[in-house]
Amino acid sequence: MKLRTILLLSFLGWKSLVVFGNNEIKSGEIWKDDTGVHINAHGGGVLFHNGRYYWFGEYKSEDTSAALRGVTCYVSDDLVNWTNQGIALAVTDEQGSDIERGCTIERPKVVYNSKTQKFVMWFHLELKGRGYAAARAAVAISDRVEGPYTYLHSGRVNAGQLPANMNREERERMDKLQPDAYKEWWTPTWTQAVKDGLFVKRDLEDGQMARDMTVFVDDDKHAYHIYSSEDNLTLHIAELTDDYMAHTGKYVRLMPAGHNEAPAIFKKDGTYWMITSGCTGWDPNEARMFSAKSIWGPWMQHTNPCRGDNHRLTFGGQSTYILKVEGKPNAFIFMADIWRPKHPIDARYIWLPIDFEKDVPVITWREAWNPATYWK
Ligand code: DGJ
């Protein structure tokens with residue numbers, strides 16, 4: 001926001017924002033930050049800390065989605081006006097570094113650990129020049145919310161660990177699978193084998209793949225890393241250690257062979273709700289929704305929560321995060337990205353309030369809405 005506007009608003013009162021109309025969320029439009037530039041924080045997540053919202057996301061360039069700068073941070077008091085805090089985690093020019101400029105950094109999420117008093121950033125990392133083959137989860141930390149964050153490590157997840165929701169019978173079935181036996185993908189026998197843990201077995205020794213992801217901190221402060229694993233065919237929910245900086249080894253598989261990515265989660269009245277997408281690259285597809293009474297499942301599938309224009313294609317976007325609005329009961333915002341792969345920096349944002357119909361989440365397309373007045 002410009003100094004002139006700030007002075008005017010201090011004179012007229014902040015409520016005058018209503019008059020000026022700078023108080024609405026308009027999904028799909030250009031969202032200017034305090035410097036007048038479209039916000040560059042894609043695939044992001046929001047952390048509420050000390051009364052302010054911090055939005056972290058992927059910095060995208062004119063012609064590439066590769067990480068040329070790193071993870072950006074913006075801060076806001078009202079979820080509408082955002083101040084650019086710069087680069088929270090910077091890529092490096094050190095050749096061979098995991099986060100060398102030109103690597104792929106996606107879906108960064110920051111959580112605060114009250115025991116260590118550290119801010120912990122998790123993100124999906126792909127090594128420079130290796131496409132999406134590395135499929136690593138990466139972690140960086142900082143003493144300050146806006147950074148700078150120090151990169152710690154990255155890798156596949158939970159090497160040597162079996163899923164907690166695989167019983168003995170299922171384990172025996174998986175043991176009999178031969179990962180090299182399937183020359184053709186997408187056949188019914190191959191799909192059944194994936195369900196039975198074909199890729200869990202393949203990746204058991206080196207660790208499970210981790211691509212699209214989010215991190216969720218529960219009411220009891222336990223944190224979970226939720227990510228697309230097994231070649232994007234199966235989601236995993238994995239427990240993080242008390243300091244949030246590593247995995248404990250406990251994880252479950254969710255919707256084996258269901259082909260879900262872009263997980264976003266929230267909890268309301270003791271029920272966990274997860275919204276995901278299908279896997280169609282940068283193109284939008286129909287959102288999926290799941291619920292469970294325990295983070296470890298069982299999870300059950302619901303119908304698409306989206307309503308209104310273009311609801312079958314998630315309004316042209318793909319889920320990325322569900323933001324809890326502080327100070328208002330049961331107020332949540334569904335965040336999604338409208339990707340622009342040919343002009344990545346021009347990708348747009350969809351932020352819509354989540355309503356509840358008979359306690360089931362519903363997301364209705366709205367051209368413009370005001371988060372200050374939407375919830376009573
Ligand atoms: C969809 C994912 O959700 C994005 O984060 C990104 O990985 C693209 N696929 C790449 O095609």
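This passage looks at the surroundings of the ligand and then at helix 4 in a predicted model.

The ligand is a good place to start. Eight names are worth finding in the structure above: E106, R107, Y132, D212, E261, G281, W282 and Q318 are the residues around the ligand. By character, this shell divides into four charged, two polar and two nonpolar residues. Some of these residues make polar contacts with the ligand. In the case of E106, a polar side-chain atom lies 2.7 Å from an oxygen atom of the ligand. The side chain of R107 also takes part, with an N or O atom 2.8 Å from an oxygen atom of the ligand. G281 contributes through its backbone instead, where a polar atom is 3.3 Å from a nitrogen atom of the ligand. On its own, the ligand has 290 Å² of accessible area, and the protein covers 89% of it.

Helix 4, which spans residues 188–195, comes next. Its buried residues are W190, A193 and V194. These three lie on the same side of helix 4 because they cover an arc of only 100° around the axis. The general geometry of helices helps here: an α-helix has 3.6 residues a turn, so residues three or four places apart point the same way. The exposed residues P188 and T189 sit on the face of helix 4 turned away from its buried side. As for the buried residues, their cover includes helix 5 (198–202), together with strand 11 (234–240) and strand 12 (247–254). Finally, just after helix 4, G197 adopts a positive phi of about 105°.

Notes:
Residues are numbered from 1 along each chain as its sequence is written. This is a predicted model: local features need pLDDT of at least 70, side-chain atom pairs count only at pLDDT 80 or more; totals for chains, interfaces and linings use all residues. Side-chain values use heavy atoms; hydrogens and water are left out. A residue is near a molecule or strand if one of its heavy atoms lies within 4 Å of it. A polar contact is a pair of N or O atoms within 3.5 Å; within protein, one must be able to donate a hydrogen and the other to accept it, and residues adjacent in sequence count only if both atoms are side-chain atoms. Accessible areas come from the Shrake-Rupley method with a 1.4 Å probe; for residues, only the protein chains shown count as cover. Ala, Val, Leu, Ile, Met, Phe, Trp, Tyr, Cys and Pro count as nonpolar, Asp, Glu, Lys and Arg as charged, and the others, Gly among them, as polar. Buried means under 20% relative accessible area, exposed over 50%, partly exposed in between (1.4 Å probe, protein chains only). Helices (H or I, at least four residues) and strands (E, at least two) are DSSP runs, numbered from the N terminus. The arc is that of the directions from the helix axis to the C-beta atoms. Contact means heavy atoms within 4.5 Å.
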